[in-house]
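Colleague: I have just opened this entry and would like to learn how to read it. Could you walk me through it?

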Amino acid sequence: DIFKLDKIFFPINQGQMHWLCGVVFIQKKQIKIYDSMGSGGRHYLESLLQYLQDEHMDKKKCALPDIDEWELVGNTRDIPQQRNGTWFFFALCGVYRHTLI
């Protein structure tokens with residue numbers, strides 16, 4: 001039951017060149033996007049919320065309660081940013097860079 005978890009991490013590949021990280025904070029009712037290239041990722045946030053709604057309906061046979069309480073948080077300034085956009089550095093996308101170096 002994913003709704004009993006604290007967090008769910010979603011690695012998101014963008015254009016086969018770049019990685020973002022979506023995180024669903026179940027207990028906080030919050031979904032965040034972490035993108036080292038700085039996009040807001042609004043469509044990813046909305047897709048993750050839709051996934052939660054679909055999953056709740058499928059597994060619990062009812063709508064996700066308190067849907068209006070969920071907060072969608074786009075990219076914030078406090079996450080690491082990558083300064084390049086070349087294919088060679090795709091593995092160094094800011095969110096993941098600190099675990100690789």
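Modeller: Gladly; we will go from the overall layout to the strands, a helix and the salt bridges. Please keep in mind that this is a predicted model.

Colleague: Which elements does the protein chain have, and in what order do they run from the N terminus on?

Modeller: The protein chain has four strands and two helices. Starting at the N terminus, the order is β-β-β-α-β-α.

Colleague: How much of the protein chain counts as buried?

Modeller: A residue is called buried when its relative accessible area is under 20%. By that cut-off, 36% of the 101 residues are buried. The chain exposes about 6,600 Å², and 57% of that comes from carbon and sulfur atoms.

Colleague: How do S1 and S2 run, and how many bridges join them?

Modeller: They run antiparallel and are joined by eight bridges. As an example of such a pair, Ile 12 has Leu 20 in S2 as its bridge partner. The two strands form a hairpin with three residues between them, and Gly 15 in that turn has a positive phi of about 60°.

Colleague: And what joins S2 to S3?

Modeller: Five bridges do, and this pair is antiparallel too. Here Val 23 stands opposite Lys 32 of S3. S2 and S3 also make a hairpin, with four residues between them; Lys 29 in the turn has a positive phi of about 55°.

Colleague: Why is S2 described as largely enclosed by the rest of the structure?

Modeller: Count its buried residues: seven of the eight residues of S2 are buried, so the strand is largely enclosed.

Colleague: Now the helix. How can I check the span of H1 against its 19 residues?

Modeller: Use 1.5 Å a residue: H1, residues 42–60, should then span 27 Å, and its end C-alpha atoms are 27 Å apart, which agrees. Just after H1 comes Lys 61, with a positive phi near 65°.

Colleague: Which residues of H1 are buried?

Modeller: They are Tyr 44, Leu 45, Leu 48, Leu 49, Leu 52, Glu 55 and His 56. These residues cover an arc of only 140° around the axis, which puts them on the same side of H1. What covers them includes strands S1 (7–14), S2 (18–25), S3 (30–34) and S4 (71–73).

Colleague: How many salt bridges does a search of the whole structure find?

Modeller: To count, a side-chain nitrogen of Lys or Arg must be within 4 Å of a carboxyl oxygen of Asp or Glu. The search finds seven.

Colleague: What can I learn from the pair Lys 60 and Asp 1?

Modeller: Their side chains meet in a salt bridge at 2.7 Å, N to O. Lys 60 belongs to helix H1 and Asp 1 to the segment before S1, so this pair ties together parts that are 59 residues apart in sequence. Both are partly exposed: Lys 60 has a relative accessible area of 36%, and Asp 1 has 49%.

Colleague: How far apart in helix H1 are Glu 46 and Arg 42?

Modeller: They are four residues apart, which means about one helical turn separates them. Their side chains meet in a salt bridge of 3.2 Å, N to O. Glu 46 is partly exposed at 42% relative accessibility, and Arg 42 is partly exposed at 46%.

Colleague: Which residues are linked in a network of salt bridges?

Modeller: Lys 29, Asp 66 and Glu 69 are. You have met Lys 29 already, in the turn between S2 and S3.

Definitions and conventions:
Residues numbered from 1 in each chain as written. Predicted model: local features only at pLDDT ≥ 70, side-chain atom pairs only at ≥ 80, totals over all residues. Heavy atoms only, no water. Expected span 1.5 Å × (residues − 1). Buried < 20%, exposed > 50% of the residue type's maximum accessible area, 1.4 Å probe, protein only. Arc of directions from axis to C-beta. Contact = heavy atoms within 4.5 Å. Areas by Shrake-Rupley, 256 points an atom, 1.4 Å probe, with all protein chains shown as cover. Pairing = 2+ DSSP bridges.
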